[in-house]
Amino acid sequence: MATKVCAPQCEVLPKTSSPQVVPQSKFHSLFSHTTHSFLKVRDDAPGSPQPDNFDVLVFNPSKNINIPINLKSTDTADTLIKKYQQTRPELGKDLRLAFNGKPVEAHAILRDLGVKPGAMFITFQRCHGG
């Protein structure tokens, strides 16, 4: 037995001209003639969220004292050291900080270290010699 297959009914549309394609540059017009560029991200740009101010504690084990210092989350450990030395200048230039049991580099940003309000830094001094 043969099965009849019906062709689908199609509407024939009138033929139109092909759409005009306008070539567009894949680059932003300001950068179309450059070979290198860079984008600098700033935390203090207008409209961006401002860094949080918070207090951290700096513990000096030799004097057994805690000193609160107010900082921004975008400050570096070097800023923290400078503010601490303003309150305790007798410690000199060999002051180092530890956070979570690890020495902190001077250029480290507090936000990147995961510092939260009330965090404690411990001071230590580097001993020179053999």
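The following exercises, with worked solutions, concern a predicted model.

**Exercise 1. The sheet**

Determine the order in which the strands form the sheet, and identify the edge strands.

Solution. Step 1: begin with β1 (residues 53–60), which pairs with β5 (residues 120–125) in the parallel sense over 3 bridges. Within this pairing, Phe 59 stands opposite Ile 122 of β5.

Step 2: take the pairing of β1 with β2. These two strands run antiparallel and are joined by 8 bridges; Asn 60 stands opposite Ile 65 in β2.

Step 3: add β3 (residues 95–99), which pairs with β5 in the antiparallel sense over 4 bridges. Here Arg 96 has Phe 124 as its bridge partner in β5.

Step 4: assemble the order. The 5 strands form an open sheet, β2-β1-β5-β3-β4, with mixed pairing. The edge strands are β2 and β4, each of which pairs on one side only.

**Exercise 2. Positive phi angles**

Locate Asn 64 and Asn 100, and classify each as buried or exposed.

Solution. Step 1: consider Asn 64, which is not a glycine but has a positive phi of about 55 degrees. Asn 64 lies in the loop between β1 and β2 (65–72). Its relative accessibility is 60%, so Asn 64 counts as exposed.

Step 2: consider Asn 100, another residue other than glycine, whose phi is positive and near 55 degrees. Asn 100 is placed in the loop between β3 and β4 (102–103). With a relative accessible area of 64%, Asn 100 is exposed.

**Exercise 3. The nonpolar core and α1**

Find which element supplies the largest share of the largest nonpolar core, and explain why the buried residues of α1 are on the same side of the helix.

Solution. Step 1: the largest nonpolar core has 19 residues, of which Val 56, Val 58, Ile 69, Leu 80, Val 115 and Phe 121 touch the most other members. At least two residues of this core come from each of β1, β2, α1 (77–87) and β3. The largest share, 4 residues, is that of α1.

Step 2: examine one of the residues named above. Leaving aside residues up to four places away in sequence, Val 115 touches Phe 54, Val 56, Phe 99, Leu 110 and Phe 121.

Step 3: turn to α1, where Ala 77, Leu 80, Ile 81 and Tyr 84 are buried. They lie on the same side of α1 because they cover an arc of only 100 degrees around the axis. Their cover includes β1, β2, β3, α2 (110–113) and β5.

**Exercise 4. The setting of Thr 123**

Establish whether Thr 123 is buried or exposed, and state which residues it touches.

Solution. Step 1: Thr 123 is found in strand β5. Its relative accessibility is 6%; because buried means under 20%, Thr 123 counts as buried.

Step 2: list the contacts, not counting residues up to four places away in sequence. Thr 123 touches Val 58, Phe 59, Asn 60, Pro 61, Tyr 84, Leu 95, Arg 96 and Leu 97. Of these, Tyr 84 is one of the buried residues in α1.

**Exercise 5. The largest pocket**

State the volume of the largest pocket, and identify the element that gives the largest share of its lining.

Solution. Step 1: the volume of the largest pocket is about 180 Å³.

Step 2: the lining consists of Ile 81, Leu 95, Arg 96, Leu 97, Pro 103, Val 104, Glu 105, Ala 106, Phe 124 and Arg 126.

Step 3: assign the lining. Its largest share, 3 residues, comes from β3. The lining residues Arg 96 and Phe 124 are also bridge partners.

Key
Residues numbered from 1 in each chain as written. Predicted model: local features only at pLDDT ≥ 70, side-chain atom pairs only at ≥ 80, totals over all residues. Heavy atoms only, no water. Pairing = 2+ DSSP bridges. Buried < 20%, exposed > 50% of the residue type's maximum accessible area, 1.4 Å probe, protein only. Core = buried A, V, L, I, M, F, W, Y, C linked by side-chain atoms within 4.5 Å. Contact = heavy atoms within 4.5 Å. Arc of directions from axis to C-beta. 1 Å grid on protein atoms, 1.4 Å probe; cavity = no way out; pocket = protein on both sides within 12 Å on 5 of 7 lines; lining within 4 Å. Points joined across faces, edges and corners; volume = space filled by probe spheres on them.
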